[in-house]
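Please walk through this protein with its coordinates at hand, going from one pair of strands to the sheet around them and then to the nonpolar interior.

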Amino acid sequence: MQLHISPSLRHVTVHPGKGVREFIKVKVGSRRVSYRMLFYSLLFFAFLLRFVFVLSTVDSIDGDRSKCPTIGCLGKRVGPRILGRRVESNVPEVIYQILDKPVSKDEVQGKTDIPQTLEEFMAEMKKSRSDAKTFALRLREMVVLLEQRTRTAKIQEYLYRHVASSSIPKQLHCLALKLANEHSNNAAARLQLPSAELVPALVDNSYFHFVLASDNVLAASVVATSLAKNALHPEKFVLHIITDRKTYSPMQAWFSLHPVTPAIIEVKALHQFDWLSKGKVPVLEAMEKDQRVRSQFRGGSSAIVANNTEKPQVIAAKLQALSPKYNSLMNHIRIHLPELFPSVNKIVFLDDDIVIQTDLSPLWDIDMNGKVNGAVETCRGEDSFVMSKRFKSYLNFSHPLIAKNFDPKECAWAYGMNIFDLEAWRKTNISLTYYHWLDENLKSDLSLWQLGTLPPGLIAFHGHVHVIDPFWHMLGLGYQDNTTLADAETAGVIHFNGRAKPWLDIAFPQLRPLWTKYIDFSDKFIKGCHIRAS
């Protein structure tokens, strides 16, 4: 058979091989189709058919299908998935059955021949030539043993961190004792703070007012020093330091002997506030109730660690609930700022585990739009570990009272560096709401939330928060070490929230210099108590 194509590609003639002339004329009528393209398409498909035939032949000869060296073999393996058919697993069913069985508490107890590593396991399997069932049993024993050891190690780590973060380092205890002794023996350590001519500035709203509540002298000194050193006009800065009765003398002695002039420092103990000495004080009543409930339902760190059924993360949260700071008056006092400072209209409240790295006076230029609390949100940001907190991270939404009133996906915000419009606050019932929910949590045996002042703060300030730029408050430097020194140096305020406080030995070494740079290690009190940079 012969094929003749006219030069114009309009006619195709087929000649049979027997001499009988038959011809077939194919006339293409539409000019929209490219005749040359039609011809090349026919040639391409003819070649493709031959190619597929060769591949299929090679594939049928090839016995090892698992390697899948050809397109034909690949099609066989991918085809069932495309067509929605189930691909059978090569893993024996007995392995699934053994690994799916519930793990008993004493499953591997007393067994001494369990492989300790993957290398030991593989050596044993190669030597014994075990079947699938034995393979699964030995694998299960090894994994269960390693899980139990990992859980024990995690709980021990959480316990040690709890002890380290809850204890007062001997260096800080030494510093407080030396300063208290100096306060009693040296008149220069008992100066009035501030001096008489600067007292009017304490209620003057043309100044920038900051409040720090702390019983840690060294931490308070870092906050005060970093605030003043980075201020453009430190003479307009007033820092109100609130402390407890036992720390008042050391705190007054430190700032009497180490003034941060020209900034103005006021040191005042809680018992010196008239408001706290009149009648019943809600914060004190709440703390007494909270302490009674915690002592009844927590059972101490030993009882928490001895629990073999709860996950390590749950145990860590319960250990954290035992931290003394959660039952400290310093931690609750911020809810009474309008009463403590009745003549001040706006303040910035600072925690004692922060470092200021920029001038904070622009915070007074932020328009709060009638809101009470200016805070950084903690559900958005590049650091997904730190900036992923929503209401469900702090409140128990399995409790109907919480689920009924709040949205679990609502973005949370942070304490540590907050702008409070006290004028707007006095027009609300925020403080009453705060104590109402504290009582509800105590009535429910701490089932609405377990620890801290942030959960009731999220509730009390609900609808009263103005979101500020994250530059003003960088979080997480005390509980994760993913933050680099370069990143931390770009923030206006850094916050060592978490257990790894910068004054503890468990602080992250790459971040600690951001805090220690504001300490004079040549000072006689610092040297006398062996406080070092690292």
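Ala213 has Ile242 of strand 4 as its bridge partner, and in this predicted model that strand, residues 237-243, pairs with strand 3, residues 208-213, in the parallel sense over six bridges.

Strands 3 and 4 belong to an open sheet of seven strands, whose order is 5-4-3-6-9-8-10 and whose pairing is mixed. At the edges stand strand 5 (264-269) and strand 10 (465-467), and because each has a single partner strand, one side of each is left without a neighbour in the sheet. From one strand to the next, the twist averages 25°.

Across strand 4 and strand 5 lies helix 8, residues 245-257, which runs at about 160° to strand 5. Turning to the side chains, Phe255 touches Ile241, Ile265 and Val267, and its contacts beyond four places away in sequence also include Leu193, Ala220, Ser221 and Ala224.

Which residues have the most contacts inside the largest nonpolar core? They are Phe210, Phe255, Leu363 and Ile494, in a core that has 70 residues. Helix 7, residues 217-229, gives the most to this core, contributing nine residues. A second core, separate from the largest one, comprises 41 residues, among them Ile333, Leu337, Phe397 and Trp425. As a general background to such groupings, nonpolar side chains in soluble globular proteins tend to be buried together.

Note on methods: Residues numbered from 1 in each chain as written. Predicted model: local features only at pLDDT ≥ 70, side-chain atom pairs only at ≥ 80, totals over all residues. Heavy atoms only, no water. Pairing = 2+ DSSP bridges. Helix = DSSP H or I, 4+ residues; strand = E, 2+ residues; numbered from the N terminus. Axes fitted to C-alpha atoms, helices over the stretch in contact; angles between N-to-C directions. Contact = heavy atoms within 4.5 Å. Core = buried A, V, L, I, M, F, W, Y, C linked by side-chain atoms within 4.5 Å. Buried < 20%, exposed > 50% of the residue type's maximum accessible area, 1.4 Å probe, protein only.
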